[in-house]
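Welcome, and get your viewer ready. This tour goes stop by stop, telling you what to select and what you will find there.

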Amino acid sequence: MSIVITGATGQLGRLVIAELLERGVPAAGIAAVVRDKQKATGLAERGIELRIADHNRPESLAGAFGAGDRVLLISGSEVGQRVPQHAAVISAAKAAGVAQLAYTGVLGGPDADFELAAEHKATERLILDSGLPYTLLRNGWYTENYTAHLATVLEHGAVVSNTGEGRVASAARADYAAAAAVVLTGEGHLGTVYELSGDVAWSMSEYAAEVTRRSGRTVVHRDVPAEAHLAVLTGAGVPEPFAAILVDVDEAIRRGRLAGTGGDLARLIGRPTTPLADTVAEALRQL
């Protein structure tokens, strides 16, 4: 039996593997499903088994899983392609007889009413219909979704959004990785749904104020209509279909759809979630 991580060379996948190792799981007990062997060289050097497969080629997944494996299906990054990709993984996992399929979905699950949630909801239905032993990790927003763009924010002195004063209960990516490691190594998580979010919800105005405080440079929140935000994003080179999704997410934030602070994440990882200030400070150190 192995703990198998799909998308293992991605940002979340690498953090989950690091967390598993930190928790004492031997490298030989972890397998990484990767598309590009070269990108996984560092994992192989640490003793992680590589299983080469491409979610776009279902036949390549035939050897990706084994009977009794515990599998983490990290949602794919190709918006618009994720349902067939996830379906291929679910089918292969069922054929192999895995003991657990954990999936990183979206906060709110079937109640999430924004466009980006559609593929997650469809994937959850596929998992439930498959009859596999499951754990649903409905991840809220990563704070790094915002701090990754700090250089641009500092350059322009503004956080641009159409969120209004809507709030986001984000957490650090490492917090979500720790939660995944907990459910993959512990007992009592099968058939369970976790709504994962940070302990504190914050607004974009508060985020701008935190960046100002930490950087010493004035940053403001510039709230704009959805159409204007779309124009800003496309003008910066974001493809219009994806820019429209980002604008739609901001509208969901405005409605309070990503503000929930139910506490599941902190309870799973056994500590408070990482504060916004800490993630901002770390991002600034890396600039």
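**Stop 1: an aromatic cluster.** Start by selecting Y146, W202 and Y207, which ring pairs link into a cluster. Rings of Phe, Tyr and Trp (its six-membered ring) pair if their centres lie within 6.5 Å; planes under 30 degrees apart count as stacked, over 60 as edge-to-face and the rest as tilted. Before going on, note that this is a predicted model: local features need pLDDT of at least 70, side-chain atom pairs count only at pLDDT 80 or more, and totals for chains, interfaces and linings use all residues. Residues are numbered from 1 along each chain as its sequence is written, and side-chain values use heavy atoms, with hydrogens and water left out.

Searching the whole structure turns up five aromatic pairs. In the pair of W202 and Y207, the ring centres are 5.5 Å apart and the planes stand at 40°, so the pair is tilted. Both W202 and Y207 are buried (under 20% relative accessible area; exposed is over 50% and partly exposed in between, with a 1.4 Å probe and protein chains only).

**Stop 2: helix α8.** Now select residues 204-215, which form helix α8. Helices (H or I, at least four residues) and strands (E, at least two) are DSSP runs, numbered from the N terminus. The expected span of a helix is 1.5 Å times one less than its number of residues. For the twelve residues of α8 that gives 16 Å, and the end C-alpha atoms are 16 Å apart, which agrees. Colour M204, Y207, A208, E210 and V211, the buried residues of α8. They cover an arc of only 160° around the axis, which puts them on the same side of α8; the arc is that of the directions from the helix axis to the C-beta atoms. Just past α8, look at G216, with a positive phi of about 80°.

**Stop 3: helix α12.** Select residues 276-285 for α12, where seven of the ten residues are buried, so the helix is largely enclosed by the rest of the structure. Those buried are L276, A277, T279, V280, A281, A283 and L284. Show α5, α6 (150-156), β10 (202-203) and α8 as well, since they are included in what covers these buried residues.

**Stop 4: E144.** Go next to E144 in helix α5 (residues 144-147). Which residues does E144 touch, not counting those up to four places away in sequence? They are A171, A172, R173 and T279, where contact means heavy atoms within 4.5 Å. The side chain of E144 also reaches the backbone nitrogen of R173 at 2.9 Å.

**Stop 5: helix α3 and Q85.** Select α3, whose 15 residues reach 21 Å from first C-alpha to last, close to the 21 Å expected at 1.5 Å a residue. Its buried residues are R82, Q85, H86, A88, V89, I90, A92, A93 and A96. The cover over them includes β1, β4 (70-73), β5 (100-106) and α4 (118-130). After α3 comes G97, whose phi is positive, near 80°.

Zoom in on Q85, which is buried with a relative accessible area of 3%. Leaving aside neighbours within four places in sequence, Q85 is in contact with H55, N56 and E78. With E78 there is a side-chain to side-chain polar contact at 3.1 Å. (A polar contact is a pair of N or O atoms within 3.5 Å; within protein, one must be able to donate a hydrogen and the other to accept it, and residues adjacent in sequence count only if both atoms are side-chain atoms.)

**Stop 6: the cores.** Select I5, V16 and L72, the residues with the most contacts inside the largest nonpolar core, which has 36 residues. Such a core is a set of buried Ala, Val, Leu, Ile, Met, Phe, Trp, Tyr and Cys residues joined through side-chain atoms within 4.5 Å. At least two residues each come from β1 (3-6), α1 (11-22), β2 (30-34), α7 (173-185), β9 (192-196) and α11 (264-269). Of these, α7 gives the most to this core, with nine residues. Apart from it lies another core, of 28 residues, among them L107, F114, M204 and V219.

**Stop 7: D264.** Finish in helix α11 at D264, a residue that is buried with a relative accessible area of 18%. A polar atom of the D264 side chain lies 3.0 Å from the backbone nitrogen of E195. The same side chain makes a polar contact with the side chain of R267 at 2.7 Å.
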